[in-house]
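Here is a short walk through one chain, from the overall picture down to a handful of residues. Have the structure open as you read.

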Amino acid sequence: MSETWIEQTSAFDRVKSIALTLSTPRTAAWIAEEAHVSENTARSHLSRLAELGVLATTTTDHGTGYSPDAIYTRSQDIRELIQAHTEDQLATQAVELQEELALYSTTYDVESPTALRTSIAATSLSPEKARERLEAVSDWEYAQYRLSVVRDALEHYDTYSSSHPASA
């Protein structure tokens, strides 16, 4: 971490920034070290973020683990898409993602990322080919997620891009 980031960013923002990048749950102690704050400060901010639905909590061998909340992350992704793109641009992205997904299926002659993952162990592949397939699994799953988010943004574009507040 750069000293500038530490000096110019509040403890709350550093904790939130670190927590939102996690792919696996981490403890307050781990996040505190990465965010350069005390463990008590991290725990306080993490608890608040969990209360707000920004983070999810899980029980780990080392205590409470924190990670990005899936619903929060998805809603932020949808918001960013709608703010940055028109409906036509989103439709174009949907087509491109569908083409990408079809290419994975054709290239590896399987119907899903799970089937591709299974083929890694079931086939005698060179380490390079196995790694290539493993990377393709990750890319394929990400493309599927992105397509689902783009579709959601398109389906509800008028509602989500409206300047009217959502009803309670």
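## Burial and surface

Of the 168 residues in the chain, 32% are buried. Keep in mind that this is a predicted model. The accessible surface adds up to about 10800 Å², and carbon and sulfur atoms own 49% of that.

On the charge side, the chain carries 13 positive and 26 negative charges, and the mean positions of the two sets sit 4 Å apart.

## Fold and overall shape

How many helices and strands are there? The chain has nine helices and two strands, and going along the sequence they come in the order α-α-α-α-β-β-α-α-α-α-α. The chain is more spread out than a compact globule, because its radius of gyration is 20 Å, well over the 15 Å that the globule rule gives for 168 residues.

If you want the dimensions, the C-alpha trace covers about 50 × 50 × 30 Å along its principal axes. As for how the chain meets itself, take the contacts with a separation of 6 or more: 60% of them join residues 24 or more positions apart.

## Helix H6 and what follows it

Helix H6 covers residues 87-108, and two of its residues are worth a stop. One is glutamine 98, which is partly exposed, with 36% relative accessible area. Setting aside neighbours within four places in sequence, glutamine 98 touches Leu147 and Arg151. Its C-alpha is also 8.5 Å from that of alanine 143, with the two positions 45 residues apart along the chain.

The other is serine 105. Is serine 105 buried or exposed? Its relative accessibility is 16%, so serine 105 counts as buried, the cut-off being under 20%. The serine 105 side chain reaches the backbone oxygen of valine 110 at 2.6 Å. Beyond its neighbours within four places in sequence, serine 105 is in contact with Val110, Glu111 and Trp140.

Just move on to the loop between H6 and helix H7 (113-122) and you'll find aspartate 109. Aspartate 109 isn't a glycine, yet its phi is positive, at about 55°. With a relative accessible area of 70%, aspartate 109 is exposed.

## Two histidines in loops

Where is histidine 36? Look in the loop between helix H3 (28-35) and helix H4 (39-51). Histidine 36 has a positive phi too, about 60°, although it is not a glycine. At 41% relative accessibility, histidine 36 counts as partly exposed.

Histidine 156 sits in the loop between helix H8 (127-155) and helix H9 (157-161). Histidine 156 is partly exposed, with a relative accessible area of 27%. Which residue is 78 residues from histidine 156 in sequence and 9.7 Å away in space, C-alpha to C-alpha? That's isoleucine 78.

## Out at helix H1

Last stop: glutamine 8, in helix H1 (residues 3-8). Its relative accessibility of 66% makes glutamine 8 exposed, since the cut-off for that class is over 50%.

Glutamine 8 and arginine 79 are 71 residues apart along the chain, and 27 Å separates their C-alpha atoms.

Key
Residues are numbered from 1 along each chain as its sequence is written. This is a predicted model: local features need pLDDT of at least 70, side-chain atom pairs count only at pLDDT 80 or more; totals for chains, interfaces and linings use all residues. Side-chain values use heavy atoms; hydrogens and water are left out. Helices (H or I, at least four residues) and strands (E, at least two) are DSSP runs, numbered from the N terminus. The radius of gyration is taken over C-alpha atoms; the globule rule is 2.2 Å times the number of residues to the power 0.38. Buried means under 20% relative accessible area, exposed over 50%, partly exposed in between (1.4 Å probe, protein chains only). Contact means heavy atoms within 4.5 Å. Accessible areas come from the Shrake-Rupley method with a 1.4 Å probe; for residues, only the protein chains shown count as cover. Lys and Arg count as positive and Asp and Glu as negative; His and the chain ends are not counted. The place of a charge is taken as NZ of Lys, CZ of Arg, CG of Asp or CD of Glu. A polar contact is a pair of N or O atoms within 3.5 Å; within protein, one must be able to donate a hydrogen and the other to accept it, and residues adjacent in sequence count only if both atoms are side-chain atoms.
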